[in-house]
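Here are a few exercises to work through with the model open beside you. Try each task before reading its solution.

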Amino acid sequence: MSAPNLIFKALGKIRCAQGYAAAASPTSGVRQGSAAAANGAARHINGNHGFHSMYADPSKNGHAVNASMHHPVNGMPAEGVLDPMPFPMNSAASEAAPAPEAPQLAPAAQRKELRELRLGFVGWGSMAQAISLGLLQKEVTIPEGLMVSGRRQEVLDMAEKEGIATSLSNQAVAEWADIVVVAVKPQVVSTVMPDITRVWTKDKILVSVCAGVTIDTFLDTLGQDAKVVRTMPNTPCLVGEAATAYAGSSQCEDWELDLVGSMFSAVGNATHRVPEHLLNTVTGVSGSGPAYVYMMIQALSDAGVHGGLPRSMAISLATQTVLGAAKMVQESGKHPIVLRDSVTSPAGTTIAGVRVLEELGFSAAVMGAVQAAKTRSEELSQTSPVGGASKSRPRSRVRGRRGN
Ligand SMILES: NC(=O)c1ccc[n+]([C@@H]2O[C@H](COP(=O)([O-])OP(=O)(O)OC[C@H]3O[C@@H](n4cnc5c(N)ncnc54)[C@H](OP(=O)(O)O)[C@@H]3O)[C@@H](O)[C@H]2O)c1
């Protein structure tokens with residue numbers, strides 16, 4: 001079964017009841033999904049997350065660990081002396097980012113909600129499906145607010161089953177949409193950009209999810225006054241658990257960056273605005289991270305099978321262990337090293353396992369994997385020139401580089 005089919009199988013059908021006229025150009029070859037606007041509410045995979053309310057309290061959010069309080073023996077922060085909320089799960093401007101020069105404020109009447117805007121996906125593979133279907137699940141938008149393009153009709157048929165308008169023409173999607181999400185492989189960006197550039201207007205926002213493709217690369221084609229937001233999400237946005245970081249071009253107003261941020265925070269619990277150069281590291285940590293965690297689950301369950309557990313039970317135990325450990329970090333607010341210390345009793349079983357992990361270079365392997373992915377993202381930044389007619393050549397400043 002293909003990845004998109006798996007995603008659809010996991011999701012089931014999503015239907016929304018609101019009327020929303022898809023304002024497709026009559027000449028654009030757009031097809032509106034026949035199942036649009038059927039009744040019934042969107043089905044949710046997730047229930048409520050306890051930590052939502054926990055993180056909603058701004059008085060608890062964003063406090064740093066008190067660096068002067070360390071574990072008396074190993075120099076690590078001691079249990080109980082950490083700020084209860086050391087890991088802000090969402091930040092409009094990361095603590096790593098200096099404040100922007102001058103806020104650009106649009107009149108309140110011009111600011112829009114995601115629900116009011118038309119969202120077009122150029123390329124509808126794993127990532128675009130995860131984002132668009134995740135947004136539908138969370139009811140942040142409705143099928144009639146979405147339109148997607150792709151190369152294969154069978155993929156577009158799946159979108160139409162969800163009530164989403166489709167087109168084989170990238171240009172039609174780019175023309176229709178207020179926010180154009182570029183969700184093709186980095187190497188394909190140069191193929192799709194001429195289609196987008198032809199119909200580009202400066203009130204649109206381009207959102208890229210493409211690893212390593214810089215904001216300047218898009219500005220070179222669209223023009224220096226274009227609003228471009230480069231993001232690095234990950235596929236768990238399909239289940240409302242994405243981790244995303246993003247940076248915008250200098251033309252993006254703060255409310256527009258927040259709007260794009262809200263698109264991703266609707267489908268995940270960690271959304272951070274960062275300087276653009278950090279997006280390569282983010283790619284290594286959370287963009288590619290799910291693959292490393294799947295490998296951890298696989299390895300844990302292999303070990304369980306080796307020890308005599310049935311495969312399904314081993315996968316179940318390993319998966320829940322990863323989920324539970326992640327929730328412990330999120331919900332307790334304790335540093336991971338404190339949590340690890342709390343389960344390693346002297347001469348116990350866990351410390352015996354930890355010793356082997358360290359002997360075999362577990363931390364170094366994970367850090368090396370992140371570094372390799374970061375390096376590859378940097379390489380893609382250098383080898384992804386965008387073809388097609390360029391609207392202007394001189395480079396403008398990128399807000400992400402300046403701390404947005
Ligand atoms: N997957 C992840 O975990 C992840 C995480 C973070 C960021 N990203 C980024 O997300 C982007 C998409 O990755 P993905 O994993 O979703 O890849 P994908 O599943 O291969 O999706 C790409 C889609 O683009 C379509 N496409 C190819 N050429 C096209 C064209 N000329 N016009 C319109 N559509 C075209 C492909 O169609 P065909 O199937 O017919 O080729 C495919 O459906 C990449 O740039 C990647 O760096 C991915």
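Helices (H or I, at least four residues) and strands (E, at least two) are DSSP runs, numbered from the N terminus. You're looking at a predicted model, where local features need pLDDT of at least 70, side-chain atom pairs count only at pLDDT 80 or more, and totals for chains, interfaces and linings use all residues. Residues are numbered from 1 along each chain as its sequence is written, and side-chain values use heavy atoms, with hydrogens and water left out.

**Exercise 1. Salt bridges**

Task: Find the salt bridge between Glu379 and Arg376, and work out where the two residues sit.

Solution:
- Start with the criterion: a salt bridge is a side-chain nitrogen of Lys or Arg within 4 Å of a carboxyl oxygen of Asp or Glu.
- Check the pair: the N to O distance between the side chains of Glu379 and Arg376 is 2.9 Å.
- Place them: both belong to helix α14 (residues 362-382), and they are three residues apart, about one turn of the helix.
- Now the surroundings, using relative accessible area (buried is under 20%, exposed over 50%, partly exposed in between, with a 1.4 Å probe and protein chains only). Glu379 is partly exposed because its value is 35%, and Arg376 is partly exposed too, at 41%.
- Then look for a network: Asp254, Asp258 and Arg273 are joined into one by salt bridges that share partners.

Task: Look at the pairs Arg311 with Asp302 and Asp341 with Arg340; how far apart are the closest N and O atoms in each?

Solution:
- For Arg311 and Asp302, the closest N and O atoms are 2.7 Å apart.
- For Asp341 and Arg340, the figure is 3.6 Å.
- Add accessibility: Arg311 comes out at 35%, so it's partly exposed, and Asp302 is partly exposed with 34%.
- In the other pair, Asp341 has 27% and is partly exposed, as is Arg340 with 33%.
- For the overall tally, a search of the whole structure turns up 12 salt bridges.

**Exercise 2. Asp254**

Task: Is Asp254 buried or exposed, and what does its side chain touch?

Solution:
- Find Asp254 in helix α8 (residues 254-265).
- Read its relative accessibility: 15%, so Asp254 counts as buried.
- Follow the side chain: it makes a polar contact with the side chain of Arg273 at 2.8 Å. A polar contact is a pair of N or O atoms within 3.5 Å; within protein, one must be able to donate a hydrogen and the other to accept it, and residues adjacent in sequence count only if both atoms are side-chain atoms.

**Exercise 3. The ligand and the second largest pocket**

Task: Which residues come nearest to the ligand, and which side chains have an N or O atom close to one of its oxygen atoms?

Solution:
- Count the neighbours: 22 residues are around the ligand (each with a heavy atom within 4 Å of it).
- Pick out the nearest: Met127, Arg151, Arg152, Val184 and Ala211.
- Check the side chains: a ligand oxygen is 2.8 Å from an N or O atom of Arg152, and one is 3.2 Å from an N or O atom of Lys185.
- Don't skip the backbone: a polar backbone atom of Gly125 is 3.5 Å from a ligand oxygen.

Task: Describe the lining of the second largest pocket.

Solution:
- Its volume is about 1,100 Å³.
- The lining has 40 residues, and Ser126, Met127, Ala183, Val184 and Lys185 lie nearest the centre. (On a 1 Å grid over the protein atoms alone, a pocket is an open set of points where a 1.4 Å probe fits, with protein on both sides within 12 Å along at least five of seven lines; lining residues have an atom within 4 Å of a point. Points are joined across faces, edges and corners, and the volume is the space filled by probe spheres set on them.)
- By helix, α14 gives the largest share, four residues.
- By class, there are 23 nonpolar, 13 polar and four charged residues. (Ala, Val, Leu, Ile, Met, Phe, Trp, Tyr, Cys and Pro count as nonpolar, Asp, Glu, Lys and Arg as charged, and the others, Gly among them, as polar.)

**Exercise 4. Positive phi**

Task: What are the phi values of Glu139 and Ala347, and where do these residues lie?

Solution:
- Glu139 isn't a glycine, yet its phi is positive, near 60°. Glu139 sits in the loop between α3 and β3 (146-149).
- Ala347 has a positive phi of about 60°, and its loop runs between α12 (336-342) and α13 (349-359).
- Finish with accessibility: Glu139 is partly exposed at 34%, while Ala347 is exposed at 84%.

Key. Near = heavy atom within 4 Å.
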